[in-house]
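Reader: I would like a close look at one part of this protein, taken slowly and with the rest of the chain kept in view. Please walk me through the side-chain pairs that hold my interest here.

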Amino acid sequence: MRKSDRLFQLTNILRKHQPVTAKILAEKLGVSERTIYRYMDDLSVSGVPVYGEAGVGYSLSEGYELPPLTLTAQELEALISGVNFVAALTTDSFSQSAQSLLAKIEAALPEHILQTDDKRIVRTPVLAAREENRSIWGRLHTTIQSQGQITLQYQSADESVTQRAIYPLGLFYWGGKWTLGAWCFKRHAYRDFRIDRIQALLPAEQHPIPSNVSLSHYINLRQGESY
């Protein structure tokens, strides 16, 4: 990663989380604490209002905003590829939001880094999901946003069909398949469900949710299991 990119990333971290110690910043950026000290000097010299307090950490002056967005041609190409994957693998409304975001970003960029479609060398395959899967994905996304509960009619790997009352937490694209991470009230544990094996979504009775159940807790456990 270029030094300028690291400085941008560092500034963005400080905008969102203040104060932050050099140790935490070093872990987030994958550099040494000594490097963080040098970066802080660089930010200060360049006019970024950053200050440190011994034993507390670094902060930015209140109200500081980053300069207007700039992207390289390769960063834009990566963004376009991501938008195309979203368009193919989620719902129409989510796809439209991604396309709208891309249009806003392109409108703010200089002409010299924009490419016509015939000049783009990175192409995403047409991976359009079955319409029923897109519908289920959309309903699950809405349920997660509203922190609701739902019942799945689910076909397991052995082709048996069961109903599972769940508290859905997140949607993950792993191994070429969309997977739902959720708390299963029947098993009293986190479970993963493949979207293409969900046959129907049904109303659910409301169950008490354990206080420690959350998306971050689920992710931490899965990372510990090397998922």
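How many aromatic pairs does a search of the whole structure find? Please start from there, and then go on to the charged side chains.

Author: The model is a predicted one, and a search of the whole structure finds eight aromatic pairs in it. One of them is formed by Trp183 and Tyr190, whose rings are 5.2 Å apart from centre to centre, with 85° between the planes, an edge-to-face arrangement. Trp183 and Tyr190 are both buried. A further pair brings in Tyr218: the ring centres of Tyr190 and Tyr218 are 5.6 Å apart and their planes stand at 70°, and because an angle over 60 degrees counts as edge-to-face, this pair is edge-to-face as well. Tyr190 belongs to strand 6, whereas Tyr218 belongs to helix 7, which covers residues 215-224, so this pair ties together parts of the chain that lie 28 residues apart in sequence. Tyr218, like Tyr190, is buried. Ring pairs also take in Phe172 and Trp174, so that these two residues, together with Trp183, Tyr190 and Tyr218, are linked into a cluster.

To place that cluster in the chain, it helps to look at the order of the elements. The protein has seven helices and seven strands, and from the N terminus on they run α-α-α-β-β-α-α-α-β-β-β-β-β-α. Of its 227 residues, 36% count as buried, and the protein exposes about 14000 Å², of which carbon and sulfur atoms supply 52%. Among contacts with a separation of 6 or more, 55% are between residues 24 or more positions apart.

The charged side chains can be followed in a similar way. The whole structure contains four salt bridges, and two of these meet at Asp196. In one, Lys177 pairs with Asp196, with the closest N and O atoms 3.5 Å apart; Lys177 lies in strand 5 (residues 177-184), while Asp196 sits in the loop between strand 6 (189-194) and strand 7 (198-202), so the pair ties together parts that are 19 residues apart in sequence. In the other, Arg194 pairs with Asp196, and here the closest N and O atoms are 2.7 Å apart. The salt bridges share a partner, and they thus join Lys177, Arg194 and Asp196 into one network. Each member of this network is partly exposed: Lys177 has a relative accessibility of 37%, Asp196 has 25%, and Arg194 has a relative accessible area of 27%. Since buried means under 20% relative accessible area, Asp196 at 25% does not count as buried.

Another salt bridge is found elsewhere in the chain, where Asp92 pairs with Arg134 and the closest N and O atoms are 2.5 Å apart. This pair links distant parts of the chain, with Asp92 in helix 5 (residues 92-107) and Arg134 in helix 6 (residues 131-145), 42 residues apart. The two partners differ in their exposure, because Asp92, at 47% relative accessibility, counts as partly exposed, while Arg134, at 10%, counts as buried.

Key: Residues numbered from 1 in each chain as written. Predicted model: local features only at pLDDT ≥ 70, side-chain atom pairs only at ≥ 80, totals over all residues. Heavy atoms only, no water. Helix = DSSP H or I, 4+ residues; strand = E, 2+ residues; numbered from the N terminus. Buried < 20%, exposed > 50% of the residue type's maximum accessible area, 1.4 Å probe, protein only. Contact = heavy atoms within 4.5 Å. Areas by Shrake-Rupley, 256 points an atom, 1.4 Å probe, with all protein chains shown as cover. Phe/Tyr/Trp six-rings, centres within 6.5 Å; stacked < 30°, edge-to-face > 60°.
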